[in-house]
Amino acid sequence: MSGKWRNAAPNENSANALATAVERDLITFPEPLPAIPEAEANSRWLMLNACPLPARLSEFIGSFLCEQGFRPQYLSLEKAGYDVVAELPSQSEGHTGALVFASRSRKANEIEFARAWEMVRPGGTIVMAGEKTAGTSSLRKWVGRRTPIAGHFSKHHAQLFWVIRTDEQWRQGQVTNLVEDFEVAPGMFSADGPDAGSELLTGFLTDKISGEVADFGAGWGYLGAKLLEISGKVTTLDSYEAHWPSLKAVETNIKRIGSDADVNFFWLDLTAEPVGKRYDWIIMNPPFHVSRASESQIGAAFIRTAQNALKPSGSLLMVANRELPYEKVISVLFSDVQTLEENEKYKVFHASRPFKKKGNT
Ligand SMILES: C[S@@+](CC[C@H](N)C(=O)[O-])C[C@H]1O[C@@H](n2cnc3c(N)ncnc32)[C@H](O)[C@@H]1O
């Protein structure tokens, strides 16, 4: 996997800077409504790329309708009591304000700002909050060229700025683009084209890969689509992905292939949620950049989930950055492990005959 991509940033610094701005009365959130009548639902603010607010702002949990498409963060918001959805209904509009947490994709931040603008009523406030490393200053300049910046504040390595929505439409640019006929959008993994590691793995996709197959961390569907093009012996292809917009793109991109295989799509955190089916093959290019967690931990968790989700005769085919130490975890979990290729950047593994725990068939 290329190092360019990161999972959505948890935005801890931004949330702390926001708390300070609220305590200094620079930003005023709406009163939390404990039981919101349908007619007043829009008096809540939207929170896009939502993250849990610091404890000192916990009284405002009920002030927000949150959108978070990355399943691990969605689950932690839900657990903390936020009203959260993976994707707001497209007709959402007329909200009194919006709080947008920046991701590391500049283009995705522009798109999210424009969405917030369209969903907030004229006179409402839109606050953008981001880590300094997320390019928040240049985003502020970009917004400031179109509408006055009402205020800004920096603290805790983060920056906030806010605007008052006017009557003008923002006019969103093109959101999705095509990469080799695949539908892709900013903020997804390898949004500019297939990852070099994934391309290497496609060299090992043959019609030996048959039966019930899963693609773990499917991104926008590159590996699964290539497999369906190469092997006519796949009866089922299940794509698992934690990032909701990517999963929607997978669905479009896989269905476009027009294969006879049964295709299914699962929005799941593969490091924390159980997989309910068992497979003949699992293919994957696991992620490894998650905020401050050790780089290989998430890939190791994917390998463990794959071991559990394979039939006793099943096989795992995976590519990984060569410096990540996966050999140990794979050899503990599978009785037969082969390195199919190793170049200066990547390694491709084939692991079969997973050791099975008692009661785990
Ligand atoms: C290295 S990318 C590979 C994407 C795609 N398979 C490809 O080859 O282009 C890893 C994918 O795993 C997804 N992912 C990250 N954390 C995840 C998790 N906890 N559960 C499921 N998928 C996750 C990411 O959103 C990303 O799309």
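Contact here means heavy atoms within 4.5 Å. Keep that cut-off in mind as you click through this predicted model.

**Stop one: the two domains.** Select residues 12-164 and color them as domain 1, then give 178-354 another color as domain 2; those bounds come from the domain assignment. Put a marker at the C-alpha centre of each domain, and you'll find the two markers 33 Å apart.

**Stop two: where the domains meet.** Now show the residues that touch across the boundary. On the domain 1 side there are 14 residues in contact with 12 residues of domain 2. How much area do domain 1 and domain 2 bury between them? It's about 1000 Å², with 64% of it on carbon and sulfur atoms.

Next, look for the polar links here. Six residue pairs are in polar contact between domain 1 and domain 2, counting pairs with both residues at pLDDT 80 or more. The count of salt bridges between the two domains is two. For a salt bridge to zoom in on, select R71 and E273: their closest N and O atoms are 2.7 Å apart.

**Stop three: the ligand.** Center on the ligand and show the 22 residues around it; S198, G217, E241, D269 and L270 come nearest. Color this shell by class and you'll get 13 nonpolar, seven polar and two charged residues.

Then draw some distances. From S198, a polar side-chain atom sits 2.5 Å from a ligand oxygen. At G219, pick the backbone instead: an N or O atom there lies 3.5 Å from an oxygen atom of the ligand. For a ligand nitrogen, go to L268, where a polar backbone atom is 3.3 Å away.

Is the ligand buried or exposed in this pocket view? Switch on the protein surface: of the 600 Å² the ligand exposes when taken alone, the protein buries 99%.

Definitions and conventions: Residues are numbered from 1 along each chain as its sequence is written. This is a predicted model: local features need pLDDT of at least 70, side-chain atom pairs count only at pLDDT 80 or more; totals for chains, interfaces and linings use all residues. Side-chain values use heavy atoms; hydrogens and water are left out. A residue is near a molecule or strand if one of its heavy atoms lies within 4 Å of it. A polar contact is a pair of N or O atoms within 3.5 Å; within protein, one must be able to donate a hydrogen and the other to accept it, and residues adjacent in sequence count only if both atoms are side-chain atoms. Accessible areas come from the Shrake-Rupley method with a 1.4 Å probe; for residues, only the protein chains shown count as cover. Ala, Val, Leu, Ile, Met, Phe, Trp, Tyr, Cys and Pro count as nonpolar, Asp, Glu, Lys and Arg as charged, and the others, Gly among them, as polar. Domain bounds come from an automatic or database domain assignment. Buried area is the accessible area (1.4 Å probe) that two parts lose on being put together, summed over both. A salt bridge is a side-chain nitrogen of Lys or Arg within 4 Å of a carboxyl oxygen of Asp or Glu.
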